[in-house]
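I opened this notebook page to go through one structure at the bench, element by element, and to write down what I looked up.

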Amino acid sequence: MKLSVDPERCYGSGDCAYRAPSVFTVVDGFGAVIPGREDAGDDPKVREAVEGCPSQAITVTEERRAPTG
Ligand code: SF4
């Protein structure tokens, strides 16, 4: 699961950083994923943050893994 914040939608409420402070932060008044935490989408707190974002600015995308073998 890959996390990203759409800066076009985010209006900087800070809810994401409040709900999951180990994954989200607020930079220059906008929500952002802390570098290196983009793959934390499975964490229940992150789920809450995604669902609780008032502007639906947080996207969680399935990472496609290259087939092995
Ligand atoms: S909760 Fe949503 S609108 Fe608020 S700072 Fe985070 S991404 Fe932006």
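The entries below follow the order in which I looked things up.

**Entry 1, the kind of model.** I am working from a predicted model, and I number residues from 1 along the chain as its sequence is written.

**Entry 2, the hairpin.** I began with strand 2 (residues 24–27) and strand 3, which run antiparallel and are joined by four bridges. Within this pair I found Val26 standing opposite Gly31 of strand 3. I then asked which residues of strand 3 (residues 30–33) are buried. Gly31 and Val33 are buried and point to one face, whereas Phe30 and Ala32 point to the other and are not buried. I note beside this that side chains in a regular strand alternate between the two faces of the sheet.

**Entry 3, positive phi values.** Two residues lie between the strands of this hairpin, and Asp28 takes a positive phi there, near 50°. I noted the sign because most residues other than glycine have a negative phi. Asp28 sits in the loop between strand 2 and strand 3, and I count it as exposed because 7 other C-beta atoms lie within 10 Å, where 12 or fewer is the cut-off. Gln56 also has a positive phi, near 45°, without being a glycine. Its place is in the loop between helix 2 and strand 4, and Gln56 is exposed, with 11 other C-beta atoms within 10 Å.

**Entry 4, the two sides of helix 2.** Which residues of helix 2 (residues 44–52) are buried? I found Val46, Ala49 and Val50. Seen down the axis of helix 2, these buried residues fall within an arc of 100°, so they line one face of the helix. On the other side of helix 2, I found Pro44 and Glu51 exposed. The buried residues of helix 2 pack against strand 1 (2–5), helix 1 (15–19), strand 2 and strand 4 (58–61).

**Entry 5, the core.** I next looked at the largest nonpolar core, which has 14 residues, and in which Val46, Ala49 and Ile58 have the most contacts. Helix 2 gives the most to this core, with three residues. For Ile58 I listed the residues it touches, leaving out those up to four places away in sequence, and found Leu3, Val5, Cys16, Ala49, Val50 and Cys53.

**Entry 6, Arg19 and Glu48.** Arg19 belongs to helix 1. Is Arg19 buried, exposed or partly exposed? I found 18 other C-beta atoms within 10 Å of Arg19, and since 20 or more would be needed for a buried residue, it is partly exposed. Apart from neighbours within four places in sequence, Arg19 is in contact with Lys45, Glu48, Ala49 and Gly52. From Arg19 to Ala49 I read 5.6 Å, C-alpha to C-alpha, although they are 30 residues apart in sequence. Glu48, in helix 2, is partly exposed, with 14 other C-beta atoms within 10 Å. The C-alpha atoms of Glu48 and Arg19 are separated by 7.1 Å, and the two residues are 29 residues apart along the chain.

**Entry 7, the ligand.** Last, I looked at the 14 residues around the ligand, of which Cys10, Ser13, Cys16, Gly31 and Cys53 come nearest. By class, I recorded eight nonpolar, five polar and one charged residues in this shell. Gly31 links this entry to the hairpin, where it is one of the buried residues of strand 3, and Cys16 and Cys53 are among the residues that Ile58 touches.

Definitions and conventions. Predicted model: local features only at pLDDT ≥ 70, side-chain atom pairs only at ≥ 80, totals over all residues. Pairing = 2+ DSSP bridges. Near = placed C-beta within 6 Å. Nonpolar A, V, L, I, M, F, W, Y, C, P; charged D, E, K, R; others polar. Arc of directions from axis to C-beta. Contact = placed C-beta atoms within 7 Å. Core = buried A, V, L, I, M, F, W, Y, C linked by C-beta atoms within 7 Å.
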